[in-house]
Amino acid sequence: MRVFNFFHIKSCAVALILVFVANAQEAPAQGAHGIAVADIDRSVKPGDNFYEYCTGEWMKRTEIPPDRAGVSVFSTLADISNKRTAGLIEEIAKSNAPTGTGTRKIADLYNAYMDESGIEAKGLSPLKSHLAAIAAIHDKKGLARALGESLRADVDPLNNTNFHTANLFGLWVAPDFNESEHYTPYLLQGGLQLPDREYYLSDSERMRNLRTKYQAHVAAMLKLAGFTDVNARAKRIFELEHAIAEKHWTIEDDQDIQKVNNPWKRSDFAAKAPGLDWAEYFAGASLAGQSRFIVWQPSAFVGEAALVDSTSLEGWKDWLSYHLLEAYGGVLPKAIADERFAFFGKVLSGTPEQRPRWQRGVAVVNGLLGDEVGKIYAQRYFPPEAKTRAQQMVANIVAAFHKRIDALDWMTPATKAEAQAKLESLYVGVGYPETWHDYSGLEIKRDDAFGNLWRSNLFEYHREVGRIGKTVDRHEWSMTPQTVNAVNLPLQNALNFPAAILQPPFFDPDAPDAANYGAIGAIIGHEVSHTFDSEGSAFDAKGALRNWWTPADLDHFNAATAKLAAQYSNYRPFPDLSLNGKQTLPENIADLGGIAAAYDGYVAGLGGKTAPVQDGFSGSQQFFIAYGQAHKTKTREEALRQQVLTNEHSPGEYRADTVRNIDPWYEQFEVKPGGKLYLSPEDRVRIW
Ligand SMILES: [Zn+2]
């Protein structure tokens, strides 16, 4: 619920199957600055379908490339960022940097990944010792140890909205909910290959169909890895995952900050969640010395630990082997990588073609050596003038929030003071971080794609484990400069706006202010709004989990947000599927708060003057159109369905339509009763 857009790289293993971050399209035509007049469909009334009005012509002429699940402003900018990154990597590869340097690691990591014939020649040999270790497990104690050894730092429920790990559990090291000055270990449920429990439990024909295809895929993967009796094994693996899914929490519950703050002592695990030999598990995970954890979904831990006991050792060993294949399939021979794409790309996301190898290579380098690349990227592509201009917009929008909070008639003075204090101490990072990750302890070899991924995942894991107990650095970033996204970090009370999102059409130093405020301004406002949304409001100015709202304030907030949830639950992308207004609520609140504050910031910046008319549009019209156009998205049906089921962000169309809650939008586009988006003034949701 924190990142602005949903296709961020979640973890290195997942990066290999991500479908959006890719390349193929050209940059948007530059030359014109400001809103894209050619995208507007003037045959549509803004009050009937604002998204279609702003983007209709773009929707008509845009085709989703065969190697994509969808296209959007974000994916187009990601293309540019990826091309630049690929260019940097190529330069680095040619420079023959000395062994041991960061640039040499970038070159070796990329080249090892690109060396398909080398990977082919090795065949399955990189897997052998790992599969043999699984085969040698002879009791549940050994199993617990192996499960512990597979724990990785691959989830991040608050900053990067990443709840998914295919390992039994996932580790997140972050400031402690209850003592925000130090880092603490959080443990999250895991164990599924499919994106969410719904894929195992839903009774729809579509999902039943997917499950049949998934089992066939599991069998195919095992066969490629040389297993016998693959159908029976696949069935067992599926049944185990199905049983795990039954224990899992829903996304809605995962997002409920009040439910997830469950400190457990290490010594409590055996009694609270019997079935797994926790002493072995924590020893395997190098966490035997850690006395306290926060368990995100306690009942899932109880259920999954019990399954370790009740499911056969052979079943778990098959599950471990298969999960290993999936995690490393991208750096194994082509037949395995292709089989993975055939299921996760084609069947699950509806993408006909796999992205070219070099694009996947860039994603791997960004995933594993992101800061090393980012250092060079920021230097090359983010001039100090852009930073100054963006910081000015941030200041104006934060000032608008200060005023909006002051003016709220429903909020008590005590709560207002807390909210203002949060704004006061908010750290806003623009462009790139102040310090960079140090990869000097990571060994990257030119001829070892598998080993590079293996060592990187472990390196990252131990880096995170090593932070436990240390003092929190509130200026630390959670995104690289080359990432096209933005993020709110509630436990640090901080925002990150990477260099790669601060580009046209979101941010263009040569465009009118109206267009910049409608696009990047609303994104900045969105992230600031997360500071006060249903989750942000649970954290105070220091990032501690503390309720600083009076009950009366909270009642008003809950009533207003329930109205917004109902508004979104009414949207139906497909006749058989509507949005889940609760699942998407924090994001929808942020969109609404963001556009409102950005509009104020824009108007304040005019200083009483009238903005110049451009292409027949007033400044305010340009502002709203820029907002609608920032959400341009065309997505394949399968991927859109997946998003609706599993993501906290509403599809672009509905994000754009939130303008129906903003009074000036009605005046600017003469929207009257009878318009399909028309809401009577009392039905418009006002939160901030
Ligand atoms: Zn957000």
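**View 1. Asp663 and Arg686 form a salt bridge in this predicted model.** The closest N and O atoms of the two residues are 2.9 Å apart. The pair links distant parts of the chain. Asp663 belongs to helix α29 (residues 663-669), while Arg686 lies in the segment after α29, 23 residues apart. Asp663 counts as partly exposed, at 28% relative accessibility. Arg686 is also partly exposed, at 42%.

**View 2. A salt bridge joins Arg145 to Glu280.** Their side chains meet at 3.0 Å, N to O. Arg145 sits in helix α7 (residues 140-149) and Glu280 in helix α14 (residues 278-284). The two are 135 residues apart, so this pair links distant parts of the chain. Glu280 is buried because its relative accessible area, 16%, falls under the 20% cut-off. Arg145, at 32%, is partly exposed.

**View 3. Arg463 pairs with Glu460 within helix α22.** The closest N and O atoms of this salt bridge are 3.4 Å apart. Helix α22 spans residues 449-467. The partners are three residues apart, which means that about one helical turn separates them. Both are partly exposed: Arg463 at 22%, Glu460 at 24%. They belong to a network of salt bridges that links Glu460, Arg463, Glu464, Arg467 and Glu476.

**View 4. Two histidines and a glutamate hold the zinc ion.** The donors are NE2 of His526, NE2 of His530 and two OE entries from Glu587, at 2.1 to 2.6 Å. The four donor atoms subtend angles of 53 to 134°, so the arrangement is irregular. Along the chain, the donors follow the spacing H-x3-H-x56-E. His526 in helix α23 (residues 513-530) and Glu587 in helix α25 (residues 585-606) are 61 residues apart. Both His526 and Glu587 are buried.

**View 5. Tyr199 is buried in helix α8.** Helix α8 covers residues 198-201. The relative accessible area of Tyr199 is 3%. Beyond its close sequence neighbours, Tyr199 touches Leu194, Met207, Leu210, Arg211, Leu348, Gln642 and Thr646. The C-alpha atoms of Tyr199 and His242 are separated by 9.1 Å, with their positions 43 residues apart along the chain.

**View 6. Three strands form an open sheet in the order β6-β8-β7.** The pairing is mixed. The edge strands, β6 (427-431) and β7 (487-489), each pair on one side only. Neighbouring strands are turned by 15° against each other on average, direction ignored. β7 and β8 (residues 494-498) run antiparallel and are joined by three bridges. Val487 stands opposite Asn496 in β8.

How values were computed:
Residues are numbered from 1 along each chain as its sequence is written. This is a predicted model: local features need pLDDT of at least 70, side-chain atom pairs count only at pLDDT 80 or more; totals for chains, interfaces and linings use all residues. Side-chain values use heavy atoms; hydrogens and water are left out. Donors are N, O and S atoms within 2.8 Å of the metal (3.2 Å for Na, K and Ca); water is not among the atoms, so sites may look incomplete. Four donors count as tetrahedral if all angles lie between 85 and 135 degrees; four count as square planar and six as octahedral if opposite donors are over 155 degrees apart and all others between 65 and 115; anything else is irregular. Helices (H or I, at least four residues) and strands (E, at least two) are DSSP runs, numbered from the N terminus. Buried means under 20% relative accessible area, exposed over 50%, partly exposed in between (1.4 Å probe, protein chains only). Contact means heavy atoms within 4.5 Å. Two strands pair if DSSP finds at least two bridges between them. Axes are lines fitted to C-alpha atoms, for helices over the stretch in contact, and angles run from 0 to 180 degrees between N-to-C directions. A salt bridge is a side-chain nitrogen of Lys or Arg within 4 Å of a carboxyl oxygen of Asp or Glu. Lists of a residue's contacts leave out its neighbours within four places in sequence.
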